[in-house]
Structures are given as structure tokens and as C-alpha cells.
Amino acid sequence: MDAKIFENYTKAGKILKDIYAALRIKPGDKIIDIADTVENEIIRKGAMPAFPANISINDIAAHYTPIPNDETVVKDGDFVKVDLGAHIDGYIADGAVTFNSEKSDMITAVTDAVNAAVKIMKPGKKVSDVSEVIESEIESKGFRAVNNLTGHSLDKFTFHGPVTIPNIRNKINYEFKVDDVFAVEPFATDGAGTVKDSERVYIFSYLKDHNTRLPESRQVLNLAKKDFLSLPFCERWIKGITPIKFDLAVKQLVAAGAIQPHAVLREAGHGKVAQAEHTVIVRDKPVVTTA
Ligand code: MN
Ligand code: MN
């Protein structure tokens, strides 16, 4: 890996690390304020958000980001997952932490799982080895690993690369190579152990060009491609468009296959979900950029 690329990866990771270290979430906080604050911090520290701040509560496992004027407030005992991405010149750090006003074994389970997993992200180790570590850690604390959410390879401007790391045991024999970059992200639940797409969608990303006469659709697609560089975006990031026009535009663009919808993911048994995530560069001594 080129020294400059390594520097971009590690700088982006350090930015997330510092943001998480300073982040305090307490009952009564509005999640839109949390999202705006952390996204602005990413920019202030010299990176760009790689996707909208995902702030997913309780049985929402992932892909919730506040809408403009979102009234959602953190409540006592909520499992609040803050999943953030930062990139410098396309080199991405992807991290997540779960907050709860109460002590939680489920948060300990995912934290221990991610820490144990990144330690073995070495050349020659296999995806199946890492998944085994993750599921065992989660099971040992009495929870279920979510069976259809995975870690993933990272590449320039690509945050869901071709190789995935399931959180449950498997026989995937992909062998990690020096300088592979991966996000490792265990999810644990006290529910059914699986997530489903909900009908709500607040995060989208550019797929392909599309000719449309609707000016708002043209505006959204143009921003998705040129400003957000095909990385995920949300309504909060688009100024000067009414909620009704935004909905119309994204519905039309999704139907045309021009943008991809990233549906809110909900635990199938309405269990609570905890998540932890780090980004790691595979080496004999793994470089955990977000730790
Ligand atoms: Mn993430
Ligand atoms: Mn990720």
C-alpha cells in the first residue's frame, strides 16, 4: 500500500476514534443533533462523511438516519447505535459504537467480539476464522449474532466491497492478504437473530444516469453522482427541496434503477440490537484505524 493511501486510511480512522471518544449520549438528546454534530466534526477534522450518520435505536439494527426536523429523542435504556463513516480522498474508515444509559452485557458482547476479531485480521487467516471468533464471543454472553449482517471489504470510494465477513460460523475460505482493508462489525441481539428490510428508506446511493423531466429528480441525481460521489446520502444533505418533492424524486429514481435504496433494517423478532465496528488494515500486526 502506497504511504499516502495508508495515511489517508489511518487519518480517517483517527478522526472517527476521536469523535467516539468525545461523544456523550444521554436520555433527552435529539438524534438529529447528534447526527449533525458528528457529521460536522468529520468535516472540521479534515475528512468527509462516507455516508449519513446512522443512528439506529433498539430493534432498528441499521440504516436509520434522521430526516429533516426529526423529533426522535433518546430514552432511558435505549440501545443507540452510532455508525459513522469518514473518508479522505475515497479512503474510508467505518466504525460503530452502541450507547446505553444502563449497563449492558449485550454491548460488552459486541465490543469484546470486535476486539477479538480484529486481533486475528492477519495474512493467511480466513473469513471463517474471524466469524467463528465473533459468534463464539456473542454466544458466550448469552446473545445471538445477527445472521444476515456482515463485515465487508473496503476500497477507494467502495464501502461494501466484494468480500463479506458474516457474524455467524461459515466455511468461507477467503484468505486475508497484506493490506486488505476490512470493516468488522458484529451485531448481537436478544431477538430472533435476523434483520428484515422495513418499508422506510432514508438512505440512498447513486447507481446510474437517468433522463427525467422532474427538476427535483435531476437535482437529487446530480448531487448523488457529483457531490456525494456515489456514496450514500440522505434528505438532510439536500437543501432547498421540500419533503414531498424529495420523496417524489427518490421514488422515481429508485423505480428507474438510478439510485439504490438502503432500507431501514429491523430485528425480525423485535429484539434489541447492539453493534460494534472497527476498520482494520490486514498486517502481521493488524492496523485498527478506528481504535
Ligand atoms: Mn458502519
Ligand atoms: Mn460497515
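Donors are taken as N, O and S atoms within 2.8 Å of the metal (3.2 Å for Na, K and Ca), and water is not among the atoms, so sites may look incomplete. The structure is a predicted model, in which local features need pLDDT of at least 70 and side-chain atom pairs count only at pLDDT 80 or more, whereas totals for chains, interfaces and linings use all residues. Residues are numbered from 1 along each chain as its sequence is written, chains are lettered from A and ligands numbered from 1 in the order in which they are written, and side-chain values use heavy atoms, with hydrogens and water left out.

The manganese ion (ligand 1) has as its protein donors Asp-83 (OD), Asp-83 (OD), Asp-94 (OD) and Glu-277 (OE), at 2.1 to 2.4 Å. Along the sequence, these donor residues follow the spacing D-x10-D-x182-E. Distant parts of the chain are thereby linked: Asp-94 lies in strand E4 (residues 91-99) and Glu-277 in the loop between strand E13 (273-275) and strand E14 (278-281), 183 residues apart. Strands (E, at least two residues) and helices (H or I, at least four) are DSSP runs, numbered from the N terminus.

For the manganese ion (ligand 2), the protein donors are Asp-94 (OD), His-152 (NE2), Glu-185 (OE) and Glu-277 (OE), at 2.1 to 2.2 Å. Their spacing along the chain is D-x57-H-x32-E-x91-E. Here His-152, in strand E6 (residues 150-153), is paired with Glu-277, 125 residues apart. The manganese ion (ligand 2) and the manganese ion (ligand 1) lie 3.1 Å apart, with Asp-94 coordinating both.

Burial is defined as under 20% relative accessible area, exposed as over 50% and partly exposed as in between (1.4 Å probe, protein chains only). Asp-94 counts as buried because its relative accessibility is 2%. Glu-277 is likewise buried, at 2%, and His-152 is buried at 2%.

Helix packing was examined for H5 (residues 215-227) and H6 (residues 243-255), whose axes come within 8 Å and cross at roughly 70 degrees. H5 is therefore roughly perpendicular to H6 (angles under 35 degrees count as roughly parallel, over 145 as roughly antiparallel, 65 to 115 as roughly perpendicular and the rest as oblique). Axes are lines fitted to C-alpha atoms, for helices over the stretch in contact, and angles run from 0 to 180 degrees between N-to-C directions. In this contact (heavy atoms within 4.5 Å), Glu-216, Ser-217, Val-220 and Leu-221 of H5 meet Lys-245, Phe-246, Ala-249, Val-250, Gln-252 and Leu-253 of H6.
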